[in-house]
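User: Could you walk me through this model? I would like to start with the empty space inside and then move on to some helices and cysteines.

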Amino acid sequence: MSETNDLTPAEVRIWRAFPRGESVDFRAAENEDPALGNTWGAERTVRASVLRALLLKAPQEEGEIAALKITGARITGVLDLKFATIDAAIRLSHCQFDGVPDLYGAQLRQLNLSKSVLPGLASATLRVEGVLRMTDCRMRGPVRLGGAQISGALFMERAEFTAPDDSEPVLQLNQAAIGDDLWAPAMRAHGQVRLTGASVAGRINVQDAEFNKPDGTALDAQNLNVGAHVRARCVRAQGRVELRGSRISGRLDLLHAHLSHPGDTALRASSCVIGELWLRRGDRIEGGALNLRRSQIEILTLEPEMLPDQLYLSNLTYTVLTPHEPAERRLPMLERDGDRYEPYGYEQLTAAYRHVGDDDAARLVQLAKQRRRRTTLTWYGRLWGYVQDATVGYGFRPLRAAVWLLSLMAIGSIAYGLDHPRPIKADEAPDFNPVFYTLDLLLPVINFGQEPAFAPDGWHQWLSYALIITGWILATTIVTGVTRTVSRQ
């Protein structure tokens, strides 16, 4: 090619170093900022067309392993490797790129762009046999890695992704397949990051990362498949975090996270399958909603202080709920679950308390469930519910029935003890006993022989009517409550 016939001194150094895999470092100091690359002179400027010719021609030297290793260069033009197959490893670190490299459909052994500044990256369907490294990179335009296949790990520690406009995501990894880890702690994205349909065989680490798109979806990771953990501690997301339909075999760790999306959903992890979800010790979710509908989570760690005002938990299934909190602290999250009565949420919370042996808390949840259900009934259904609640707490507070029974028995015994009702047949009536006479009135299924032998009159008769009616109500509510309790066991 013509570019190889008129190489500059800088390009000659690279051409000679390539067959032996030697590094060419143009830096004057290690702490140079590659963002100032447009001020660098011809002594450290390299044409992208020369690098393309070098990689495609791949000159060899016997006994050596060729590799392109450049540090601190300004690369002009567009590095066009569309559909190319490159056997040599490529490392272009601390460099400034004037044009967007085009790696669409390329097959590379290894690519390292650490600490470089690029106007973007066009590399959809890229295949990398080893590692793709973008550590400390500064991307000033969209990075398109959709459909990429990376056999090793993808490193993006402290990388920064921005774009002149927000017409498309600043980082696109949709449908990408990563054979090892996705390592991106402290990365910063000013615009949407898209991971829809991506597959990561190992871990994802985005600890201390920042995702900023306040007016939309900051992280779109629908149908993400992760073979191990997602470490997102101290992550800061301004905008929606979308995980709908994802599968995370290990732990989704959101400890100390700050999630904010006022007026909309801050975190949607609906229809997911997750081993563990940790949402605690962080700031309260700001102004948005938390959506966990239809998800299956083995261990759910939810701290009440982090939960927003709006929750969507219908058909959420979990086995263990931590940390262990009193039922009074957990029930508000079910009360904030939309406007409709959802019995499944109460059943799940009850099962979680029974799983750890806290039967008292489980009963409180069931009582709250009946009270919430009461609001959906007709007026007469609500009235009967109030009666059951006041008398026996829907069967979950049976001692309340004993208190009512003892109180009424004391009232009747005192009233009839002070003024005995007259016997119906004086010669056949047993000796009057005010206690057992009152019990005869209160207990509809027990007969002590007192009630049929005596006939009260006046206000005593009205008292007897009241005791009989109250006794039937107590008996009915007790039977209803016991039946409900037994059916839950």
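**Cavities, helices and cysteines**

Analyst: The residues that line the second largest cavity divide into seven nonpolar, one polar and two charged. Please keep in mind throughout that this is a predicted model.

User: Which residues are in the lining of that second largest cavity?

Analyst: The lining of the second largest cavity is made by Val320, Leu321, Pro323, His324, Glu325, Arg330, Leu349, Ala352, Tyr353 and Val356. The elements that give two or more residues to this lining are β37 and α4, and the largest share, three residues, comes from α4.

User: And how much space lies in it?

Analyst: About 70 Å³ of space lies in the second largest cavity.

User: How many cavities of 30 Å³ or more does the structure hold?

Analyst: There are four cavities of 30 Å³ or more in the structure, and the largest of them has about 260 Å³ of space. The lining of that largest cavity consists of 25 residues, of which Ile204, Val206, Phe211, Leu219 and Val230 are the closest to its centre. As for secondary structure, β26 (210-220), β29 (236-242) and β30 (247-253) are the elements that give two or more residues to the lining of the largest cavity.

User: What is the lining of the largest cavity like by class?

Analyst: By class, the lining of the largest cavity has 25 nonpolar residues, with no polar and no charged residues.

User: Back to α4, then. How far apart are its end C-alpha atoms, and what should the helix span?

Analyst: Helix α4 covers residues 343-355, and because a helix of 13 residues at 1.5 Å a residue should span 18 Å, the 18 Å between its end C-alpha atoms agrees with the expected value.

User: Which of its residues are buried, and what do they pack against?

Analyst: In α4 the buried residues are Gly345, Tyr346, Gln348, Leu349, Thr350, Ala352 and Tyr353, and the buried residues of α4 pack against β37 (317-322), α3 (327-335) and α5 (359-374). Just after the helix, Gly357 takes a positive phi of about 80°.

User: Same thing for α1: which residues are buried there?

Analyst: Helix α1, residues 9-17, has Ala10, Glu11, Ile14, Trp15 and Ala17 buried, and what covers the buried residues of α1 includes β1 (23-25), β2 (45-47), α2 (48-57) and β3 (67-71).

User: Switching topic, how many disulfides does the structure hold?

Analyst: The structure holds zero disulfides. Cys137, for example, is in no disulfide, and the nearest cysteine sulfur, which belongs to Cys95, is 9.9 Å away.

User: Is Cys137 buried or exposed? And what about Cys234?

Analyst: Cys137 counts as buried because its relative accessibility is 0%, whereas Cys234 counts as partly exposed because its relative accessibility is 31%.

User: Last one: where is Arg382, and what does it touch?

Analyst: Arg382 has its place in helix α6, residues 379-392, and, if residues up to four places away in sequence are not counted, Arg382 touches Arg374, Thr375 and Leu377. With a relative accessibility of 31%, which lies between the 20% and 50% cut-offs, Arg382 therefore counts as partly exposed.

User: How far is Arg382 from Gly99, in sequence and in space?

Analyst: Arg382 and Gly99 are 283 residues apart in sequence, and their C-alpha atoms are 71 Å apart in space.

Technical notes: Residues numbered from 1 in each chain as written. Predicted model: local features only at pLDDT ≥ 70, side-chain atom pairs only at ≥ 80, totals over all residues. Heavy atoms only, no water. Helix = DSSP H or I, 4+ residues; strand = E, 2+ residues; numbered from the N terminus. Expected span 1.5 Å × (residues − 1). Buried < 20%, exposed > 50% of the residue type's maximum accessible area, 1.4 Å probe, protein only. Contact = heavy atoms within 4.5 Å. Disulfide = S-S within 2.5 Å. 1 Å grid on protein atoms, 1.4 Å probe; cavity = no way out; pocket = protein on both sides within 12 Å on 5 of 7 lines; lining within 4 Å. Points joined across faces, edges and corners; volume = space filled by probe spheres on them. Nonpolar A, V, L, I, M, F, W, Y, C, P; charged D, E, K, R; others polar.
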